[in-house]
Amino acid sequence: MQVITQDIYDKKCATRQLIEMMSEKWVPGLIYALSTGPQRPGVLAKRLEGISKKMLTQSLRNLEDWGVVERIVYDVVPPHVEYRLTTDGERFIEPLSLLHSWALENRDEIADVFQRRRDAKTATT
């Protein structure tokens, strides 16, 4: 196991900044969805079941601000907008793929943890 040597409580710590960005509920899913290429907002909304239009817009704007996603506006009628990962955004694909693989390999244990949490909540209510 690798030991973290940086102070992750420091605002300037790269690990803290990364965790803050990736902890937004829809960010990992959006990055993963965009890893297959540019997509329109409607397609992204369908791929991320449960995301509201407001949250999709907010999350994409945050990703733009961080330089992870680029918004492409096509000068056509009706207006056509797509989003794609920037070069910096593409750097997130590998660690997200590793996390995805780990989750698949451990899906039974993960399901058990969530089931125990649900059972504990039910028992206390």
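This passage describes helix 4, the two largest pockets and several individual residues of a predicted model.

The structure is a predicted model, in which local features need pLDDT of at least 70 and side-chain atom pairs count only at pLDDT 80 or more, while totals for chains, interfaces and linings use all residues. Residues are numbered from 1 along each chain as its sequence is written, and side-chain values use heavy atoms, with hydrogens and water left out.

Helices (H or I, at least four residues) and strands (E, at least two) are DSSP runs, numbered from the N terminus. Helix 4 comprises the 13 residues 53-65. At 1.5 Å a residue, helix 4 should span 18 Å, and its end C-alpha atoms are 18 Å apart, which agrees; the expected span is 1.5 Å times one less than the number of residues. Burial is assigned by relative accessible area, with buried meaning under 20%, exposed over 50%, and partly exposed in between (1.4 Å probe, protein chains only). The buried residues of helix 4 are L56, S59, L60, N62 and L63. They cover an arc of only 160° around the axis, which puts them on the same side of helix 4; the arc is that of the directions from the helix axis to the C-beta atoms. An α-helix has 3.6 residues a turn, so residues three or four places apart point the same way. The face turned away from the buried side of helix 4 carries the exposed residues K53, K54, R61 and D65.

The buried residues of helix 4 pack against helix 2 (27-34), helix 3 (41-47), strand 1 (69-74) and strand 2 (80-85). Contact is defined as heavy atoms within 4.5 Å. Within helix 4, S59 has a relative accessible area of 1% and is therefore buried. Not counting residues up to four places away in sequence, S59 touches W26 and L30.

Two features of the backbone were also identified. Just after helix 4, G67 takes a positive phi of about 80°. The peptide bond from V77 to P78 is cis, with omega near -5°, and P78 is placed in the loop between strand 1 and strand 2. Most residues other than glycine have a negative phi, and most peptide bonds are trans.

Pockets were located on a 1 Å grid over the protein atoms alone, a pocket being an open set of points with protein on both sides within 12 Å along at least five of seven lines; lining residues have an atom within 4 Å of a point. Grid points are joined across faces, edges and corners, and a volume is the space filled by probe spheres set on the points. The largest pocket has a volume of about 220 Å³ and is lined by L18, I19, M22, R91, F92, P95, L96 and L99. Helix 1 (14-22) and helix 6 (93-105) are the elements that give two or more residues to this lining. The second largest pocket holds about 160 Å³ of space. Helix 4 provides the largest share of its lining, 6 residues.

Two further residues lie in the helices named for the largest pocket. In helix 1, Q17 counts as partly exposed at 44% relative accessibility. Leaving aside neighbours within four places in sequence, Q17 is in contact with K11 and K12. In helix 6, E94 counts as exposed at 57% relative accessibility.

Definitions and conventions:
1 Å grid on protein atoms, 1.4 Å probe; cavity = no way out; pocket = protein on both sides within 12 Å on 5 of 7 lines; lining within 4 Å.
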